[in-house]
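Visitor: I would like to go through this model with you and hear the reasoning behind each label. Could we begin?

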Amino acid sequence: MTSNTRVVVIGAGLAGVRLARRLGELGLRATLIGEEEHTPYNRVLLAEVLAGRYAPEVIALPAPADLVRSRVTRIDRAERHVHCEDGSVIAYDTLVLATGSNAKLPPLRGLFTEDHVLPEGVHAFRTMDDCLGLSKAVRPDARAVVIGGGLLGVSAARALAARGAQVMLAQQAERLMERQLDPSASKLVLRHLKDLGVEVHTECRVRDVRCVGGAVRSVELADGYALDADLVVLTCGVHPRVGLAQDAGLAVHKGVIVDDELRTSDPHIRAIGDCAQHAGTVYGLAAPALEQAEALAELLATGAGAARYTGTRALTRLTLASGTPLDLAAFGEPTPQPGDDVIQLADATRGTYRKVVVRNDRVVGGVLVGELGTVGALARAWEGAEPLPQTGPLLHLLTNDGGS
């Protein structure tokens with residue numbers, strides 16, 4: 001591509017901003033279109049804003065010069081034009097979809113008003129507007145019910161507790177963060193939340209959101225038990241934003257389908273980040289989004305001979321420093337198979353837990369809670385997929401230097 005090539009990126013989140021900045025460093029200009037009125041920001045740190053640890057401007061991303069604030073309504077693939085809500089039309093040679101994902105809104109009775117909006121006191125937790133609205137609404141001793149006990153639900157519950165709310169968390173699965181953590185690690189996260197005063201309900205399904213006069217009053221569980229609520233926070237996961245791609249006739253399954261060059265079914269359109277599906281996987285995590293942005297920048301700047309994107313071995317990491325610190329990391333397969341070696345170190349007094357799974361002399365997974373001193377060395381061993389040294393006990397993998 002040349003410096004005159006028109007690259008347009010839809011989406012001003014982590015992936016879109018990283019791509020635009022990297023292209024600029026490589027001599028290509030990109031027009032970035034973001035529909036939020038806020039300066040681009042790091043969505044990963046919204047819980048710290050909610051907790052009051054960071055002001056919104058602290059998590060701002062460096063905005064590229066060519067930033068257009070508008071919502072894209074249509075992609076004209078034949079003319080290679082992007083149509084925006086404000087009436088503007090932007091031409092492209094290469095279009096990149098970095099549209100991210102939306103919060104999942106569960107099918108609960110009473111969740112929406114007759115006007116199809118959330119009742120007063122009910123908040124999603126995905127955008128800066130969500131965060132600021134919730135931050136404004138929370139009061140000391142407010143009764144807040146968090147629906148969903150995954151990574152985002154744990155982060156939100158912790159942040160609300162830091163603001164002095166009486167927090168209840170309702171999780172349908174049998175334990176917290178069941179997708180990332182093993183049972184022992186989940187118990188430590190449960191203990192951490194309880195120490196903060198959070199009331200946790202697992203293996204319970206929320207059936208109904210009860211409102212009076214358009215404002216939430218309680219959340220009813222399937223067993224009939226009701227949780228009084230001034231606030232309800234929805235942290236039930238996300239789904240890729242693929243509406244533009246579908247309307248444009250691109251191939252979409254769980255996300256926008258891309259190949260190893262992050263190309264969609266239209267050779268002039270690429271996709272990265274939460275909206276992209278590569279090799280059957282939609283990651284929904286920051287690290288893969290950033291890796292895809294870096295790979296695509298190289299591809300666009302240097303052409304077909306550049307290294308391709310072949311996937312990310314994603315590590316889930318949560319570090320919340322406000323109040324009582326919570327640090328955890330998980331990667332690979334933390335649940336062992338028959339024949340695997342498992343090394344564990346647990347300290348009940350300090351609330352720390354470290355575990356690594358080894359298969360055929362290779363690290364295949366691990367989980368750490370409370371102490372992450374070894375996570376770098378463990379992640380490198382896992383990502384490299386190289387055989388472990390034959391000398392020394394496997395316990396060295398969990399020592400403070402990770403055996404490095």
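Visitor: Leaving aside its neighbours within four places in sequence, which residues is I272 in contact with?

Guide: This is a predicted model, and in it I272 is in contact with A15, L19, V96, L97, A98, L262, Q292, A293 and L296, once neighbours within four places in sequence are left aside. I272 is also among the residues with the most contacts inside the largest nonpolar core, together with L19, I75, L95 and L97. That core has 47 residues, and helix α7, residues 286-302, gives the most to it, with seven residues.

Visitor: What makes the group of V146, V154, L176 and L181 part of a second core?

Guide: A core is a set of buried nonpolar residues joined through side-chain atoms within 4.5 Å, and the four you name are included in a set of 41 residues that is separate from the one around I272. In general terms, nonpolar side chains tend to be buried together in soluble globular proteins.

Visitor: Why is α1 called roughly parallel to α7?

Guide: Helix α1, residues 14-25, packs against α7 at an angle of about 30°, with the axes 8 Å apart. Angles under 35 degrees count as roughly parallel, and therefore α1 is given that description relative to α7. The contact is made on the α1 side by L14, A15, R18, L19, R22 and L23, and on the α7 side by residues including A286, A289, L290 and A293. As for handedness, α1 passes α7 in a right-handed crossing.

Visitor: How do you know that strand β25 is largely enclosed by the rest of the structure?

Guide: Buried means under 20% relative accessible area, and seven of the eight residues of β25, residues 362-369, are buried, so this strand is largely enclosed by the rest of the structure.

Visitor: What makes β22 and β24 pairing partners of β25?

Guide: Two strands pair if at least two bridges are found between them. Strand β22, residues 326-332, has five bridges to β25 in the antiparallel sense, and one of the residue pairs is A330 with V367 of β25. Strand β24, residues 352-359, is joined to β25 by seven bridges, and these strands also run antiparallel; here V357 has G365 as its bridge partner in β25.

Visitor: What makes N360, D361 and M177 worth a second look for their phi values?

Guide: Most residues other than glycine have a negative phi. N360, in the hairpin of β24 and β25 with two residues between the strands, takes a positive phi near 55°. D361 has a positive phi of about 65° although it is not a glycine, and D361 is found in the loop between β24 and β25. M177, likewise not a glycine, has a positive phi of about 50°, and its place is in the loop between β11 (166-170) and α5 (183-195).

Visitor: Why is M177 called buried, and why is D361 called partly exposed?

Guide: The cut-offs are under 20% for buried and over 50% for exposed, with partly exposed in between. M177 has a relative accessible area of 0%, and so counts as buried, whereas D361 has a relative accessible area of 40% and is therefore partly exposed.

Visitor: Why are β4 and β6 called edge strands?

Guide: Three strands form an open antiparallel sheet in the order β4-β5-β6, and the strands β4 (72-76) and β6 (89-91) each pair on one side only. Four bridges join β4 to β5, residues 81-84, and among the residues of these strands D76 has H81 as its bridge partner in β5.

Conventions. Residues numbered from 1 in each chain as written. Predicted model: local features only at pLDDT ≥ 70, side-chain atom pairs only at ≥ 80, totals over all residues. Heavy atoms only, no water. Buried < 20%, exposed > 50% of the residue type's maximum accessible area, 1.4 Å probe, protein only. Contact = heavy atoms within 4.5 Å. Axes fitted to C-alpha atoms, helices over the stretch in contact; angles between N-to-C directions. Parallel < 35°, antiparallel > 145°, perpendicular 65-115°, else oblique. Left-handed = near helix turned anticlockwise from the far one by under 90°.
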